[in-house]
Amino acid sequence: MIDNIELKNFRKFKHLPELNFSDINLFVGGNNAGKSTLAKAIILVLDNLMNMKSTTPTNIFAGMHPSFDFSSDLHDLHIGSFDKAFCKYGKKEEGIVFKFLSNGTSYEIHVNQIGDRSFISELILRGEVCNTEITFNFEKGEITINADSEEDSTSKSLAEQKKSLEMRIAATKAAQTLETNLENAAKRQEEIVVLQSELSKLEKNRSADHFSIRVPLTLHISRANQPLVANLLESLRKYADSPVTGVKKSSKAYSEQKANKDLLKKWFDDYSETFLDGLDEDIRGFDIAYVPAHAASQKMVFSAKDTSDYLSQTIHEFYKERIVEGDAEYSFIMRWLGKEGVGETTGFDIADSFKINNIEEEAYTFNVYKDGETYPLASMGMGSVQVVILLLKLATIWRRSRLKDAYGPLIFLEEPEQNLHPNWQSKLLDVFLDFNKSFDASLADPDFPPQMFIETHSEYLVRRSEVLVAESQYASEEILDTNCPFMVFFFQDDDEEPVYEMQYSLTGRFEGRKFGQGFYDEAGRLALTLSKLERRRNSL
């Protein structure tokens with residue numbers, strides 16, 4: 001799960017301040033406002049983390065930094081190169097920076113360019129649990145480790161206090177931006193100054209077990225085809241275990257190197273499971289699925305070999321997973337394809353059942369059964385076809401992710417409301433929420449739920465989120481913030497604040513910040529214009 005992300009100098013964003021995510025995240029805003037850019041940034045950085053591997057056990061840093069690939073096998077991101085990805089308002093020497101938090105570990109990746117080659121100049125890992133920061137500087141050829149050597153009650157307490165203060169500072173800053181009264185805004189600023197002073201004092205009182213060392217980046221790959229980050233840390237552990245060489249035992253250099261290795265070795269003994277092993281599992285556990293905006297078509301036969309046709313490929317992939325009646329994924333499809341739905345929200349009432357017929361492993365036909373009649377999918381309206389394909393796709397993602405025994409999938413959906421009536425657009429949010437809850441219920445250990453990032457222009461989908469929040473009857477703002485599965489982000493053409501989060505109230509309505517013109521207010525604006533024109537006509 002991606003907890004938050006921050007970007008610098010990536011495409012539209014000279015600086016995108018940290019955004020915190022929930023289970024279902026809606027990206028709304030005008031065309032070219034940056035919704036797709038943010039989705040592509042998340043896919044790109046995760047794709048590189050998972051696929052940066054070495055195929056041979058040699059020192060890959062001898063004159064060469066790890067490459068950064070601006071393409072992806074998952075989806076054509078239409079980026080291609082560092083030059084196309086770099087924000088035109090940024091400074092090239094600053095490079096592109098991706099920073100995100102996932103399952104307790106913060107990743108910060110600095111990307112630069114030499115000639116036509118894009119590479120990682122610096123990789124910074126921060127472990128929240130063990131208060132650790134490890135910097136791999138590929139430019140300087142060195143590793144810097146700042147950490148606590150043991151997990152005592154003092155270091156735990158300091159880490160907890162630090163996190164609490166940082167959260168209070170962030171909350172006070174957010175409240176300050178919403179203040180319209182200058183006097184209250186000034187009071188908020190005073191609170192921020194006091195909190196920052198407390199944080200500064202806390203930093204000076206860090207545990208006596210804290211240490212900072214620097215070692216050369218002359219590491220060798222331990223295992224071929226292992227993610228690069230895991231290999232780096234595993235090699236660092238081997239460095240800590242190795243004897244001091246190259247200097248006399250009586251020298252100061254020997255004593256310093258020995259002391260550093262002892263500290264590092266103790267740190268690995270204390271935190272190998274909470275940081276190192278968890279990090280490896282984290283990177284291997286990312287499971288990304290992209291559902292692009294696509295045209296619905298009314299075809300009688302779907303070719304398995306037609307890789308350019310999204311509908312054909314979706315049916316082909318679903319069929320290969322052998323999802324049948326009785327499976328959780330099948331039940332999810334039929335809840336929404338039929339009348340059942342969830343709670344008071346009925347399904348789309350498209351079919352009572354369906355059947356995919358395989359034609360000699362090369363093509364498929366798709367039949368729908370309703371009220372005792374049989375219909376080919378091609379005979380249905382575009383909206384119905386769109387819903388069928390979306391449900392098949394989600395079920396396929398569910399099955400594949402469950403079989404991988406990985407974290408819940410990260411699913412990116414691009415304008416899923418295409419071809420849908422407003423009522424059906426609204427119903428989509430219930431489908432997504434049901435998918436998340438049902439996916440969790442199907443797992444033996446549902447610690448890592450699915451996470452959705454949805455680019456949408458649908459006012460109805462967003463308004464449905466307000467209703468679902470209101471229906472949840474949260475008892476307090478704190479409970480709402482902790483348990484609400486939705487987050488809505490508004491993207492605007494503003495370099496100073498390109499994106500901001502909308503805030504739900506306990507009534508479900510958004511409070512504080514408003515959507516920019518042309519979204520929530522468009523229907524009302526048109527109705528007002530019509531009324532003015534009507535009054536003008538009647539006055540003639």
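A salt bridge here is a side-chain nitrogen of Lys or Arg within 4 Å of a carboxyl oxygen of Asp or Glu. That cut-off matters for E6 in this predicted model, a residue placed in strand 1 (residues 2-10). E6 is buried but has no salt bridge. The nearest side chain of opposite charge belongs to K99, and it sits 4.3 Å away, so the pair misses out on the 4 Å limit. What E6 does have is a polar contact, side chain to side chain, with H15 at 2.9 Å. Leaving aside residues up to four places away in sequence, E6 touches H15, L16, P17 and E18, and also V97, F98 and K99.

Zooming out, the protein has 20 strands and 13 helices. Half the chain is tucked away, with 50% of the 540 residues counting as buried. Among contacts between residues at least 6 apart in sequence, 64% join residues at least 24 apart. The accessible surface adds up to about 26,600 Å², and carbon and sulfur atoms account for 48% of it.

Then there are a couple of backbone oddities. R322 is not a glycine, yet its phi is positive, at about 55 degrees. R322 falls in the loop that links helix 7 (310-320) to helix 8 (328-337). E360, also a residue other than glycine, has a positive phi near 50 degrees. This one turns up in the loop between strand 12 (353-359) and strand 13 (363-370). Is E360 buried or exposed? E360 counts as exposed because its relative accessible area is 70%, against a cut-off of over 50%.

How values were computed:
Residues numbered from 1 in each chain as written. Predicted model: local features only at pLDDT ≥ 70, side-chain atom pairs only at ≥ 80, totals over all residues. Heavy atoms only, no water. Helix = DSSP H or I, 4+ residues; strand = E, 2+ residues; numbered from the N terminus. Buried < 20%, exposed > 50% of the residue type's maximum accessible area, 1.4 Å probe, protein only. Contact = heavy atoms within 4.5 Å. Areas by Shrake-Rupley, 256 points an atom, 1.4 Å probe, with all protein chains shown as cover. Lys, Arg positive; Asp, Glu negative; His and termini not counted. Polar contact = N/O pair within 3.5 Å; in protein donor to acceptor, adjacent residues only side chain to side chain.
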